[in-house]
Amino acid sequence: MTLRNWLPLHLVILYLSLLGCDAQRKVGNADSADSPEQLVAIVEDNLQELQAYSFRLDVEMDLTAQGVEQKMDSMYDVKIERPNRWAIVLESGMMGGSSVSDGENLTRYVQMVKKYSIEPLEEAGNTPGIDESFMLLGAGGFSQLFMGEGLKDWLLEGVTKSELLEKQEINGSTYTVAKFEKKNGTNIELAVSTGDRPLVRQVVVKPDFTKLAQGQAGIPKDMKLDLTLNFTDWNTDAKYSQDDFVFSPPPGAEKVDSLFSQLSGEPELHPLVGEQAPTFTAMDLNGQAVALEQFAGENVVILDFWATWCGPCVDALPIIARVAENFKDKHVVFYAVNEGETSETIREFLSEENLDIPVLLDEDGIIGSLFQVSGIPQTVLIDSVGKVQVVHVGFGGNLENQLTQELEEILAGEDLASAAREEQEGQ
């Protein structure tokens, strides 16, 4: 599942941009707020008064869907210096990425794909915008919001109900807590320290997926998400040197021209395109072993890497199955390679969705690793001599027509992989 395609989930994660800082008292403090809206205004106004500051952000996500629970924890170190230097660095966790500006160049890094790009700041600016940045970078995409620019208007958009709750104690300190409910049912609780400094300590986000799922196919009906953001170790009078805004690529990180080519509709070519497909043997739902080599010399193979909790996967599966059915008499075989789930979970899902598809089990992710799966769904077309001709990452609305055309061309003997590589090299 690509980050781009988990839009409902990422819209929730965007709320983590709230409220990034300790602030000098300017228009008041948390105790003086007589409404949730005024509390947010105090945070924003004081935040904008700061010249240089830092904090640490711990993002804890607990997601349950289709009976599968996932817990993810990402830790960020954040340094801000106005007007245009920042270092939002992902220190641990698989979700999100880093954004570092030295005032002249902007470096952005995505942990999941281990790639980074460097662009002149004046050219990068806010392009791609916040909506595109957060899909890949998580908290790393929120430099402007961490500076308090447009924070109040953005946070309060869509709020239908709000209230100030009783003061609460968190880890031995007292906080003013405001609760907001958005028209989509998402509930947000914001805890701000009392006293002279309106310091945000915690944000808790709980979406209502029964409302978010309306009109959005692929969101599991039983999905639940608790997102907790803990802000700690504030320093509102930080002193920085140029070295504080230098990006150090993690081991194995690859520099690319642009991280956002996928979002602009010009995806980078998958490294397996044009290569021989990795060989493997896997068990199907009936306990029978299936080896990729058994199709060599005769069949074109469609492999779709997926999971039951992945909304775009759920959308794509019946389409791929339908296309494969149309080509079954033309030596085309299809297997849905499930990533990390049990046979029981898969069978229940297929029954609920009324899907009859051949499934291979990849509970340990070994096959996914062989095929360099960084996000699902990932759909791979392998020709009859075992060469990877096409790799699609994510789900697009034109998938049925696209797959149909690609299969027809592969069966006609066309080398789509070579053409794609020549086109990429010519750009």
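In this predicted model, ring pairs tie F55, F146, F231 and W234 together into a cluster. The chain as a whole holds 11 aromatic pairs. One of them joins F231 to W234, whose ring centres sit 5.8 Å apart with an angle of 10 degrees between the planes, an arrangement that counts as stacked. Both partners of this stacked pair, F231 and W234, are buried. A second aromatic pair is formed by W306 and F349, with ring centres 5.5 Å apart. Because the planes of W306 and F349 stand at 40 degrees to each other, this pair is tilted. It also bridges distant parts of the chain: W306 belongs to strand β16 (residues 300-306) and F349 to helix α9 (residues 343-353), with the two positions 43 residues apart in the numbering. W306 is buried, and F349 is buried as well.

Stepping back to the whole chain gives these rings a setting. The secondary structure amounts to 12 helices and 20 strands. The chain has 427 residues, and 53% of them count as buried. Contacts that reach far along the sequence can be counted too: among those between residues at least 6 apart, 64% join residues at least 24 apart.

Two cysteines offer a friendly place to look next. In general, a disulfide is a covalent bond between the sulfur atoms of two cysteines. The count for this model comes to one disulfide, and it is formed by C310 and C313, with their sulfur atoms 2.4 Å apart. What is the handedness of this disulfide? The torsion about the S-S bond of C310 and C313 is about 80 degrees, so the disulfide is right-handed. As for its surroundings, C310 has a relative accessibility of 0% and therefore counts as buried. C313 likewise counts as buried, at 0% relative accessibility.

Helix packing comes next. Helix α8 (residues 311-326) and helix α11 (residues 399-411) have axes that come within 10 Å and cross at roughly 35 degrees. This crossing of α8 and α11 is right-handed. On the α8 side, the contact is made by A316, I319, I320, R322 and V323, while α11 contributes L399, E400, L403, T404 and L407. What kinds of residue make up the contact of α8 with α11? Seven are nonpolar, one is polar and two are charged.

The loops on either side of α8 each hold a residue worth a look. In the loop between β16 and α8 lies T308, which is buried, with a relative accessible area of 0%. T308 and G340 are 32 residues apart along the chain, and their C-alpha atoms are separated by 9.9 Å. In the loop between α8 and β17 (332-339) lies H331. The phi angle of H331 is near 65 degrees, a positive value in a residue other than glycine. H331 is partly exposed, since its relative accessible area is 41%.

Q372 shows a similar backbone feature: its phi is positive, at about 50 degrees, although Q372 is not a glycine. This residue is placed in the loop between α10 (366-370) and β19 (378-382). With a relative accessible area of 39%, Q372 is partly exposed. The backbone has another feature at R82 and P83, which are joined by a cis peptide bond with omega at about 5 degrees. P83 is found in the loop between β2 (68-81) and β3 (85-92).

A last stop is D362, a residue of strand β18 (residues 359-362). Is D362 buried or exposed? Its relative accessibility is 4%, so D362 counts as buried. D362 and N338 are 24 residues apart in sequence, yet their C-alpha atoms are 5.7 Å apart in space. Neighbours within four places in sequence aside, D362 is in contact with V337, N338, E339 and G340, and also with I367 and G368.

Terms used
Residues numbered from 1 in each chain as written. Predicted model: local features only at pLDDT ≥ 70, side-chain atom pairs only at ≥ 80, totals over all residues. Heavy atoms only, no water. Disulfide = S-S within 2.5 Å. Buried < 20%, exposed > 50% of the residue type's maximum accessible area, 1.4 Å probe, protein only. Phe/Tyr/Trp six-rings, centres within 6.5 Å; stacked < 30°, edge-to-face > 60°. Helix = DSSP H or I, 4+ residues; strand = E, 2+ residues; numbered from the N terminus. Axes fitted to C-alpha atoms, helices over the stretch in contact; angles between N-to-C directions. Left-handed = near helix turned anticlockwise from the far one by under 90°. Contact = heavy atoms within 4.5 Å. Nonpolar A, V, L, I, M, F, W, Y, C, P; charged D, E, K, R; others polar.
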